[in-house]
Every structure is written in structure tokens, then in C-alpha cells.
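Me: Please take a close look at the part of this model where protein and RNA meet. I should like one connected account of that surface, followed by the elements of the fold that contribute to the surface or lie elsewhere in the chain.

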Amino acid sequence: MAMINAPKGVEDILFPRASYYEEIEKKAGNFFSLYGYKKIMVPTFEKTELFLRSVGQETDVGKQMYTFKDKGGRSISLRPEGTAGIVRAYVEHKIYAKEKNWKVYYAGPMFRYERPQAGRLREFYQIGVECFGEESPWLDVEIIEMAHDFLKGMGLDNIQVQVNSIGCKKCRYKYIEELKVYLGKYLDVLCSTCRRRFRYNPLRILDCKSATCRAVLEKAPRIQDFTCSSCQEHFDKVTGGLCRLKIAHTINPYLVRGLDYYTRTIFEIISSYLGSQDAVCAGGRYDNLVEQLGGPPTPATGFAIGVERLLFSLEKAGVDLSKPAPQGVFMATIGEKSVEEAIQVASIIRSQGIAVKINLTNKGLSSQLKQANRENFSWVLIIGEGEIRKGKFILKNMHSGMQQEIETEEFEVFSNFLKGDASS
RNA sequence: GUGAGCGUAGCUCAGUCCGGUUAGAGCACUGGGUUGUGGCCCCAGUGGCCGGGGGUUCAAAUCCCCCCGCUCACCCCA
């Protein structure tokens, strides 16, 4: 039979990698709770309309979703990001009527139908936080600090925080008009992609990588010159606050967002260990989205961390994640009878909370010890024919090489043996 | 959707340019040296549709064409 392999862009997360995911989520949750965030869980799929309405018109986001009709003919999409579902839950449960501030975090897989590349998969994991009901710039500061300190605390030494403000709807609109007036004069110089962007998403031209486009952008109008006084004040407080907290950051006037629900503060944290997709964390303020999804006007801020990118960066940075769990006891068996006996003994030992691995093959003892050694077992319990006859088994310490006989009854207090012997 | 690179043992790779005995190495695995005692060492062994199909040729891992897969970049980026 031909082998079936996994679909494009997804991956199996095996041991020990799966335990790294667990550890990252656990540490994130603990850390975020210091700021008052509580974990919630929302569905991995929603009505397609939710995502379409949240992103607005002007992108081909719709094309990059896993969308299908369910058996009732409803259009459903696997979530491409976390925010929309959280906002939907916020509105649906009328949280705004119950809590002034709703601070939540979530973790789980997201799905986007895109061509895979470094740091980009079709199923990937994110850990995100959202805070609703707070418009203070100090929240932006706090949330950026939280993301920054979490990543630093994980051991990521090479991150860079970039912030920008894209203003509110009004000032952004004015800015885009001015930008178009300016860029319109250089249309023939811009790259072909930017000529296309000019029509449907001119802001995106700001982070074009082409040298000629960058040159044109040198003298382009900047958003800061168009932000209204309240947006400007907001942004000044954000950057001032970051300085006060000594969070190293750069203001990147070319940092933009493709979606129109973002307002004011946006930020990214990039890692130099990553490839072309180098943001390990991205977030910002979205004061219009709750209303856009049927709730009352409610300011909100959030961010999401890409777990794969974080993990990759941590590996590059040489950070050790969770050590392999203590391995317990390897049971060496010789022959069928011995396995039979071993299974009963194993059950007694496991009932004391000690892990046991039993050899079920007919390999020689030598090879079994080699395996135990390779798999980092500290202890081997040898159960051979002779031992069964005597009712005494051999317990060997793999570090010291010392071994002793222990009797069947003594398995009841087996853990004492493991602790008792030195050099374990 | 576009472009480039890659695909040989479980893993990492050599061999491909310039076609020519039975396709190699290291690691891993199994056995032996040591009849039931690991790590180091030595010896031996298992393991390959050389990604798939077609073509050229006396002869193809090697040259040509098509397909598939992976990777990176572009696009897009919530």
C-alpha cells in the first residue's frame, strides 16, 4: 500500500517538541496572569462571515482561509487568527455589561491557506491576549511591556520592539489620501506589486522591500504629520511610557497593518533569528472592531505570539526548554516468563508513581542495558529466570554501576530504594 | 498564484558536472568479542524501486522530458 503523508503545510509535533509547546503555554499563562489575564477557549471554527466582516473589504484574506460548507449548507471557516472569535464571544455574552475590563488570553492552532515557507505553516499555534474596555495609552504600554518581558523571560535575547501609530479612522483616511497624491507622481518608478497596491492597499507600499520603492518612500509624507491631536497625544504617551519602563523600542513609520480595524498603536516584536517572516509577536489597538461586530463602541488592545517562531528563535538562542522528564526504571527481561513477571512487578512500582518501561523483545541483556543507557534510565531492574526462582531481582544503578538484590515484597516501598542508593 | 534550489539507507550526506564492475561513508540498529551486565574499543551483519513515470543509449543514481514532494523567497500577512 502506498504511504499517505501529511497534507502540505502541516506538521506532526513529536516528543520532545510537544512538551516545549506545553511549557511555553504554561509559562505564558502564568506570566499573563500576573497582569490579570484569564484563560478562555473559543472555537477553532466560526461562521465565515465573522472573519470576513472583521477584516473589512480590501484584502484577499478570504482566499487564504480554510472555508467549507457544513452539512447544513452553512459557510464555515477554520479560524485564521484568534481575535475575531474572542470579540464575537465578548459581544455574544454581553461581557461589556458585566465587566469594565475584560482581560483574556488564549492558545491554540490557527489555519491559513498559504504557501508554506520559513515561519509560515498552514496550521500553526498562537498564544494571544486581548483586553477590552480600556482606552488609556498606558494599557498599550503595559501590554507591550508584557509581551516584551515574557519573551525576554523565556530567554530570547535578540528581540526588537517596533511601534507605530496608524491613527484613528479619520486621520488615517486623510493620510492615505496624501500618500496617494505623493505616490501617484512616482507610479512609473514603483515596482509592479506596488502599482497594484496603490489601488487597493496603499499603506502596504510603506513596507515594500524593493530598493526603488524605498527610495521613493524617503520623501513620502509620514503618518505622524497627519494624526489628529488626540491620536498624537496617545502615541506620545505610549512611547514615553515605554521609555520610562526602559523597554528598548524603535518607532518604525513604515510599520502598517493590512486590515482596517486597527487604530492608533500597532507594534511588532521581531527576532533576528527568523527568516523573512520575522515577527514573533504582533499586536495593537483595535478600537473599532467590537462595534464592527455588533457590540457597543469598545476600545480594545491585544497581541498574538507565534509559537513556532518563538520556539525556533529559542532554539537558535540556545535556550534549553524543559529537561526530559525523569525516566524511572527500565525492566530488563530475558524470555517470556520473565516478561510475564515483569508486567506484574511494573504495576506495583507504577502505583507508587514511578515510571516503568518493560523490555518486551528477545534482545540480549547486553543490548537491553545499552538501550537503557541510551534512553537515560538511571535504574534497571533485571528480571531473569534465576531471579524469578529466587524471588529476588537485581536493581542496577546505571550511573554508579552498583547493583543489589531486592525481594518481591520490597516493591511495595520501591521508591525508597531509588532514593536510598547514592549516586542516582 | 510566481520564481529558485533540492530529492541517494532510519538520520546527515558523498557519488551526478564528464554515463561504465556487485551504489558508498559516518551515525543509528542487530549480533559477536564478554554463554546474563551499558557507556569506550574492535569485528561482522541488517537495511536502498538512487522521489515516480517516460525517453536517449550496448549501458542511466548520472543525460533529456513530464509529474510528485520538500525547502527558501516573492505575493499576501489577520
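Reply:

**The surface near RNA strand B**

In this predicted model, 44 residues surround RNA strand B, and those that come nearest are Arg-120, Arg-197, Leu-259, Arg-374 and Met-398. Of the atoms of RNA strand B that come within 4 Å of the protein, 51% belong to sugar and phosphate. Sorted by class, the surface near the strand comprises 16 charged, 17 polar and eleven nonpolar residues.

Individual polar contacts reach both bases and phosphate. At a base nitrogen of RNA strand B, the distance to a polar side-chain atom of Gln-64 is 3.1 Å. A polar backbone atom of Gly-386 lies 3.3 Å from a base oxygen of the strand. On the phosphate side, an N or O atom in the side chain of Arg-204 is placed 2.8 Å from a phosphate oxygen. Two or more residues of this surface come from each of helix H6 (192-200), helix H12 (365-374), helix H13 (385-390) and strand S15 (392-397). H12 supplies the largest share, with seven residues.

**The sheet that H12 lies across**

H12 also takes part in the packing of a sheet: the helix lies across S12, S13, S14 and S15, and its direction is at about 170 degrees to that of S12. The sheet is open and has five strands, in the order S13-S12-S14-S15-S16, with mixed pairing. Its edges are formed by strand S13 (356-358) and strand S16 (403-407), each of which pairs on one side only. From one strand to the next, the twist averages 25 degrees. Within the sheet, strand S12 (residues 329-333) and strand S14 (residues 379-383) are parallel and are paired over five bridges. Met-331 has Leu-381 of S14 opposite. S15 therefore appears in two settings, as a member of this sheet and as one of the elements that give two or more residues to the surface near RNA strand B.

**The three-stranded sheet**

A further open sheet is built from three strands in the order S2-S4-S3, with antiparallel pairing. Strand S2 (45-47) and strand S3 (67-69) are at its edges; each has a single partner strand, so one side of each lacks a neighbour in the sheet. Here the twist averages 35 degrees from one strand to the next. S2 and strand S4 (residues 75-78) run antiparallel and are joined by three bridges, and Lys-47 has Ile-76 as its bridge partner in S4. Helix H2 (residues 48-55) packs on this sheet, where it touches S2, S3 and S4, and the direction of H2 makes about 80 degrees with that of S2.

**Domains and backbone details**

The domain assignment divides chain A into domain 1 (17-168 + 228-316), domain 2 (170-204 + 212-221) and domain 3 (329-418). Between the C-alpha centres of domain 1 and domain 3 the separation is 50 Å.

Two points of backbone geometry deserve a separate look. Most peptide bonds are trans, and most residues other than glycine have a negative phi. The bond that joins Phe-15 and Pro-16 is cis, with omega about 5 degrees, and Pro-16 is found in the segment before helix H1 (17-33). Lys-246, although not a glycine, has a positive phi of about 60 degrees. This lysine, Lys-246, lies in the loop between helix H8 (229-244) and strand S8 (249-251).

Note on methods: Residues are numbered from 1 along each chain as its sequence is written. Chains are lettered from A and ligands numbered from 1 in the order in which they are written. This is a predicted model: local features need pLDDT of at least 70, side-chain atom pairs count only at pLDDT 80 or more; totals for chains, interfaces and linings use all residues. Side-chain values use heavy atoms; hydrogens and water are left out. A residue is near a molecule or strand if one of its heavy atoms lies within 4 Å of it. A polar contact is a pair of N or O atoms within 3.5 Å; within protein, one must be able to donate a hydrogen and the other to accept it, and residues adjacent in sequence count only if both atoms are side-chain atoms. Helices (H or I, at least four residues) and strands (E, at least two) are DSSP runs, numbered from the N terminus. Ala, Val, Leu, Ile, Met, Phe, Trp, Tyr, Cys and Pro count as nonpolar, Asp, Glu, Lys and Arg as charged, and the others, Gly among them, as polar. Domain bounds come from an automatic or database domain assignment. Two strands pair if DSSP finds at least two bridges between them. Axes are lines fitted to C-alpha atoms, for helices over the stretch in contact, and angles run from 0 to 180 degrees between N-to-C directions. Contact means heavy atoms within 4.5 Å.
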